[in-house]
Amino acid sequence: MRTVFDKLGLVRWLTDPLAIPFMQRALLATLLLAVAAGLLGTWVVLRRLAFFAHAAGTATFPGLVVAGPWGLAAPIAALGAGLGFAGLLARMTRRGTTSADAATGLLLTAALALGTILASDVYESGTAVDRLLFGTLLGLGDGDIALAAAAALAAVIATAALGRTWLATGFDPAGAPALGVRAARGDRLLLALLALTVVAVLPAVGALLVSTLLVVPAATARLLTGALAPLLAGAVALAAAEGLGGLLLAYHLDLPPGPAIAVIGGGVFALVALASSKRQTVS
Amino acid sequence: MSAASAAAASGVQVQDLSASYGSAAIALREVTFTATGGQAVAVLGPNGGGKTTLFRALLGELEATTGSVTVHGTIAYVPQTERSRLDFPVSALDVALMGAYGRTPWFRRITAGDRAAARAALERVDLADRAGTRFGALSGGQRQRVLIARALVQDAHVLLLDEPFAGVDRTSEEAIMGILAGLRAEGRVLLIATHDVEQARGWDRVLCLAGAQIAYGPPAETLTNAVLEGTYGEEIVMLDCGHRAVAIQHHSH
């Protein structure tokens, strides 16, 4: 069997790139981010926070643009911009006159526009804009890897420690406090962890493609299973597989890795959705 | 917990309770009643009449503005099944097990004893064979019974049931009535928020709320035309059927 694959060149197509140090580094980052984004992404999808997560990622763009000129570490600037987004969102929706999704859409657009103006007319960021928006998985530094590892570790610990709280609160928000679970504290920790994961994912896939790892794999796994444990495992596995696929595609076809992962993730989701709808029609 | 100990332990005392949401106007005023072990109390009132406010005050989620609330025994809330996320990846057993979450520290796994309690609770509500079924795939009545099972796993002495018969078919309604009768017989206290005046006549006590307490007592004495009109105002039409008034509501939920 191996001989056949060798003849086709498939094995070498898969393994040769991974012998190169910068690809090994990218693979390590992908696997760490798959754990963080797959686990957190499951809760993001279950709690219907996908649009919020996407917007929070995009909202970091102006922060990333000013980080260099202002001499700030990129994760700190991104976190600052993300917290600003969350604060404005809370303020806009406090009175109930503006719905959360409308306010999120408005802030997302404003952040993108502000970042673009800052990048093009104020700081003349040039080609760096592509990197900020779509990431650079093939050029991650030690700090980026360390952040990815921290996010993965935090996601594993939090899912083990807070999974029950998040499950009960998401299932029945009104009834959860009466079960004795600390629903409000659980929600605050979920949002804090989401912020950490978004910041960790940014260097790899950029401000615009955070959902590629954080939402798409979990949303795809959601179509495949109705139980929590397989959902968590499936989201991590899909994020890792789609990340690896995107890396290889990027290497061989000279594509940017972030968009390559996004295309694969979107394609897998479409195929699974199609198969699920056909299965439902048959049954 | 045994039936005898539940009877000895359970009870609710509410004295001159007023409650509000933050700095908003008072949502519920002047509520005074006592329910002892084995009593089922129908909590009647229109939407916005204060049923949810009373429940939240009893659960300790809402500070009393004035007055006091005393609950003897563990208290549990059984929400309307429609308020739950039906698309969530949880089975009937998973939902019943949520009743053990409050007593399980974050660093511990759910114990085998709690798993056995959850299975026993599902058996009690006659859903042992549906333990592995996804909650959202169950009928409305079955979902309501699973939520009651969750309260049983909490080992609740006092159960607050939020319109347990809403959206439930006749067969399930009878099944739920049977389960509630069993819980009463064990000495647990049941507070049942409902819009169904006729059904409320079958419980031990009735508490009528319309922003304030209108009346409390045995249904036969309490549910007079004047009390019902005071509770529902123009939401209700009274028909004289000889021995008692029959209430027909313009709308119900």
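The following dialogue concerns a sheet in chain B and the interface of chains A and B.

Me: On what basis should the model be read?

Reply: This is a predicted model, in which local features need pLDDT of at least 70 and side-chain atom pairs count only at pLDDT 80 or more, while totals for chains, interfaces and linings use all residues. Residues are numbered from 1 along each chain as its sequence is written, chains are lettered from A and ligands numbered from 1 in the order in which they are written, and side-chain values use heavy atoms, without hydrogens and water.

Me: What is the strand order of the open sheet in chain B?

Reply: Strands of a sheet pair through backbone hydrogen bonds, either parallel or antiparallel. Here strands are DSSP runs (E, at least two residues), numbered from the N terminus, and two of them pair if DSSP finds at least two bridges between them. The six strands of chain B follow the order β5-β6-β7-β3-β8-β9, with mixed pairing. The edge strands, β5 (75-78) and β9 (213-217) of chain B, each pair on one side only.

Me: How many bridges join β3 to β8 of chain B?

Reply: Four bridges join these parallel strands, residues 40-44 and 205-209 of chain B; B:V41 stands opposite B:R205.

Me: What area is buried between chain A and chain B?

Reply: The size of an interface is often given as the accessible area lost when the parts come together. With a 1.4 Å probe and summed over both parts, the value is about 2,200 Å², of which carbon and sulfur atoms give 60%. A:R164, A:F171 and A:L179 supply 38% of the area that chain A buries against chain B, more than any other three residues.

Me: Which side chains meet in a salt bridge at 3.4 Å?

Reply: A salt bridge requires a side-chain nitrogen of Lys or Arg within 4 Å of a carboxyl oxygen of Asp or Glu. B:D87 and A:R48 form one at 3.4 Å, N to O; the count between the two chains is three.

Notes
Buried area = accessible area lost by both parts, 1.4 Å probe.
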